[in-house]
Amino acid sequence: MKNTPDSPSQKNINYGNITAGGDVHIGDNYYLVEKALQHSILFLRIEPAEGGIYSLNMHIKSRHDGASKLGTSGEPLLQHAVAVNIPAGLFDDLMEFQAFRRGSDSPMRLKGEQTWNPSSIIAFENRLSQQLYDAFFSGDIGQVCADFIHLLESKRIEELLLVLSTNDEKIINLPFEMVLPLLFPSKLGEAKKSLTASNFGLVRTKVGSLEAFNMQGDLATAAPLKMLFITALPEDLDERGKMLQIEEEQTRLIQSIGALEATGDSKPKIAIEFLENASLEELDKALSARQHDIVHISGHGAYHAGEKKGVLYFENEDGDEEQVSGAALGECLRGHQCVKLLILSACETAMAGQEGGVTEQAATFGVPAIVAMRFAVTDEGAKVFTTELYTRLAQAQTLTRSLAYAREALHREVAQRREAAPHVPYIAEWFTPVIYQNQAMGSLIDPTQPYHLPDQFYPQSSFLKTSKSRLIGEGFIGRKRYLIQMRQAFRADKHVCLHGLGGLGKTTLAEAFAHNYDNHSHQIVIFRNGNQINEAHILQTLQKRFEQVNPALAAQTQEILDNPQVEVLDKLQVLLDNYLRGRKTILIFDNVEDVQTDEEGQYHQKIASDLLGSFLKYLCENTPKNCHILFTTRYKIDDLADVVMHLPLDKMGYAEQYRLLNYSEVLRKIDLKDRDDVYKRLDGHPRGYEYLEALLKKDKTFSWQQVAKSEEKVFENLLLAKVYERLTEPEQQIFQLVSVFISRTPPAALAAVSGQPEAALMPVLQALQDWSLCFLEKDGRFEVHRLTREWMGRHVVPDEKRKVWALKAGEYFENQFTVGDDLLAKAYYEEAEAWEGFARTSFRLQGHCQLIGMYPQAFELNQAVLERNIDDKTNADALNYNGMMLHSVGQYDTALGYLEQSLAIQQQIGDRQGEGVTLNNISQIHKVRGDYDTALGYLEQSLAIRQQIGDINGVAENQLNIGAMLFEQNRYDEAIPLLRSAYQIFQKIGSPAIKNAEGYLNAILQRIGEDRFKAILSTLQ
């Protein structure tokens, strides 16, 4: 490295030389590189100057064993600040790129997009990267960076941090991370395999001087990492804002890093607490109680350009939207020194403004490190980044290295996808994460300390657990959407009835909600089952409560209650007026289905006693303000339909089941590899988990026999036979049909299978929901719980009938338009043992997977078809698809083997069309190897077959491929007739392949000139 003071480019650089021996001369001091610069910080301060010019200066600081200026205030690396005039085009391009990133989503990436294509996206990214580099790193600043990066790459220093510091709004919003490839350019013409060195970090800071930017503090604690995960779904946020649903966000995190927690032993690498209410107050309480290392906020954020400020959408104590600024978040976190890292996984949280973006403001309050998102982030990108980041942090790697590996994972993924599927417009996301730091950071955990997870880390229940409230382990799990709906109902002075299958957690949900409602302000009175839900017991219970608060007046009400001449409803009114009026109370009537059973034990949807029905209805209609009523029942109560809001209770979601397992010390030990199957089999049924927990307490070794026993116990608890008997014959017939469907299903699918119109089916579906035999969404989609479906299959629906209906369901979904529909069609065809449909949908899915570069998934789909050995034609097609898939990823020998197997089968069964296709495909293997003669031989065989059978499109494809190969050999006179013929055929049949033929013809025109090109065409005519 040449850095002599006499070099013209070095006149402004404040070090004379960095010698091979290890000395560096900075200013008046000599430092030994291996001793003094092991952990170095290059501090780049960017400040606005007059006339739109910016002033750049750079200093260095290092943590080392001395106490010199280098370790405290730092050394200047430039004698004079560098003036930079940033071209306006940079900001214009950034605005255009920002608009593109806001509009980029999965449909665009899957289907292609009009304005943006793969090459234009890559070109734009490269242009922005180069503009940023030229503006800030092309001169002395760039030379200093290059010098110290060389020291890093030659392993003479351990870690290098490039810190960008500025208060300027326009500058702080620039995506500086895009310059990383140019700071680490390729060497000796070799293609780069990585983005940067793993011990290099580029961070931003609100700290204005290097002296105030501290070296690493003593932050590490004992394993495991403790994370507080927060998702916000404000009740009154508009529908667009609700796109990031809590369940989806939690599921994504679990799929990313759940394996680090669900280790199957008592020592998880990460321990996650999910914050139930996304409010600053609850955040403060949780951090105070359990001392988390990381706060991860996932949800919805925005940058309001008009107001020039960023916000996060949190909730207030009522669950309504509350826009939280970074300052408010920072103030909350400032009181908790345990927090070492804040992650804001919400779009545009790294955007800055005059009043400050979320990250900018939070950083001002001293949070050691913040990771935020500069651009909109895709689900796939967030998962890749999160997985790698937490895996590395859990391994006790430094924050710098962990972030570098996480960014590298994003870089590697998009590079692989672009290489595998160059026709798909994948967007790069490695420069989306932005890092703010207030100090240099090391590892978040110290592997030398004894492992320590506090006994009470997983929160305990905040309400009194009774013998009836079915809690698993310690805590109450989720059901937030029901808590929201119940709260809204109570605010509107409506009473609520929760109804659903036995064991879904109605009692627990009711008690938890009542205890926490309105900040724990209501007294709770619970009446359980038939023996307590009667007029006399209800009156006497309320009277006893009244005696405790006003004995004198209660003595008078007791006289009225004892008087046989007073009507029951009048007695009730006395207690309503004297005890309940003005007193915040919630009355819970639990397991009301017991009072819907007649003397013969038969279930009804009406209260068996007319007097009790009138009594409860009167109670609901005349409760004073601030007195609320909650019913729980298995079935809808028609008698109360006019006076309560019925809420059918659904099963627990994926994330809720995961959390439920972690709340139990017993269930927590189930490995993640087994959990997904447990989720599918118990299907979000809390009682099933309760039974499983009890079995595991006796036999601590997990087995699938224990899960099967849990299922059987749930069957006994569901009482399905008794309910099925109460259905009308039309309801039984439709219930048999709906029990075949395996997921949330639109009514149109049921109509297609049943042959009945949707309008006629909806009342029946509603009736089935009233009996809690299915769950019905507001949009009409229905779902039957897996355990109910299994019971129906065992006891009611014969296998042959089930297969017939599954076949019709497969046909319906195959005729829909989404990948999800094809997946469902494939599943139904498999259940129906309709293997032709199974193969057809599998092939369509594998084509989609190949289109978007998911080659392993495509291979698995084809292999599944081969394993079924459906017929020779299908096997040949699957082998052909696998051959072309392997060709796409460069595995030519293996690909050729599959294609030759396919060809042999096609020739044996006389499949001439398939033979023509496979011969063409085999030619492409030889072509890519440069064996043009062999490739041409296969193409000519293919062309002859396709001409013989009249496959016009195939003929044009062969002509295009032959013409393309002749073009590569500069045999233009031979190529033009074939390309011309292919062009004309594609034009006639309207094929998009016409662009390929046109492209080759235009390329030949450019190479040989117009005169010769026309001369060749004239010979054709």
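How many residues does helix α34 have, and how far does α34 reach from its first C-alpha to its last? Helix α34 (residues 872-888) has 17 residues and reaches 24 Å, close to the 24 Å expected at 1.5 Å a residue; the expected span is 1.5 Å times one less than the number of residues. Helices (H or I, at least four residues) and strands (E, at least two) are DSSP runs, numbered from the N terminus.

This is a predicted model, in which local features need pLDDT of at least 70 and side-chain atom pairs count only at pLDDT 80 or more, while totals for chains, interfaces and linings use all residues. Residues are numbered from 1 along each chain as its sequence is written, and side-chain values use heavy atoms, with hydrogens and water left out.

Twelve of the 17 residues of α34 are buried, where buried means under 20% relative accessible area, exposed over 50% and partly exposed in between (1.4 Å probe, protein chains only). Among them are Leu879, Met885 and Leu886. The buried residues pack against α32 (835-851), α33 (855-868), α35 (892-909) and α36 (912-928), with contact meaning heavy atoms within 4.5 Å.

Just after α34, Gly890 takes a positive phi of about 85°. Two residues other than glycine also have positive phi:

| Residue | Phi | Loop | Relative accessibility |
|---|---|---|---|
| Asp493 | about 60° | α14 (480-491) to β19 (495-499) | 48%, partly exposed |
| Asn869 | near 50° | α33 to α34 | 52%, exposed |

Elsewhere, the peptide bond from Ala223 to Pro224 is cis, with omega near 5°. Pro224 is found in the loop between β9 (200-205) and β10 (225-231).
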